[in-house]
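Here are my notes on this model, for someone opening it fresh. Please keep the structure in view while reading.

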Amino acid sequence: MKPIGTLTFNPAIDGASETDVVRPTRKIRTRNERYYPGGGGINVARVIAELGRPAVPIYLAGGATGAVLDELVASLGLRPERIAIRDHTRVSHAVYERSTGLEYRFVPEGPLVRNDEWPGVLAALDASDFDFCVASGSLPRGVPDDIYVEVGRIVARKGARLILDTSGAALKAA
């Protein structure tokens, strides 16, 4: 059985914690802090693996946070194709406020990916063997809005199927 390929241009380390009350301009002491590998395609690969099917996540990652992301992905038993970038992988954080039941999500825009870095994702995709590819998530700065058009061409050339989950300018271009 061929693995399902997943593609994440803008992965994240997803942090989560909780506190009693969120108040402005004060330190908010949190507890029950945990971290997960995140970003659309990585999340899809995690679920595919949990359902018992092999998955190969392909993603961009860099800096000290990129190394942490790699550890988190490996802890899931996945064997990723990581394309190195110079900028740091983003870190998102969600805080659950116990007193109200509300959740606050802080999601950075992500790294600046240079023109000599993002083509590595296309090369890794072209070298992978799969019947399905799930391309999911936002695009970081520097990756062209029409990148998913080229992803679609590569997947079609392999005789595979593409599932695209994105939004905004990237979805419109695709």
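1. Start with S136. Leaving out residues up to four places away in sequence, S136 touches L7, T8, G40, G41, Y148 and D165; contact means heavy atoms within 4.5 Å. S136 counts as buried because its relative accessibility is 2%; buried means under 20% relative accessible area, exposed over 50%, partly exposed in between, with a 1.4 Å probe and protein chains only.

2. A word on the basis. This is a predicted model: local features need pLDDT of at least 70, side-chain atom pairs count only at pLDDT 80 or more, and totals for chains, interfaces and linings use all residues. Residues are numbered from 1 along each chain as its sequence is written, and side-chain values use heavy atoms, with hydrogens and water left out.

3. S136 belongs to strand 8, residues 132-136. Strands (E, at least two residues) and helices (H or I, at least four) are DSSP runs, numbered from the N terminus.

4. Now the sheet. It is open, has 5 strands in the order 5-4-1-8-9, and pairs them in parallel; pairing needs at least two DSSP bridges between two strands. Strand 5 (81-85) and strand 9 (161-165) are at the edges with a single partner strand each, so one side of each lacks a neighbour in the sheet. On average, neighbouring strands are turned by 15° against each other, direction ignored.

5. Strand 1 (residues 4-8) runs parallel to strand 8, joined by 3 bridges. G5 stands opposite C133 of strand 8.

6. Helix 1 (residues 40-50) lies across strand 1, strand 4 (55-62) and strand 8, at about 155° to strand 1. Angles run from 0 to 180 degrees between N-to-C directions, with axes fitted to C-alpha atoms, for helices over the stretch in contact.
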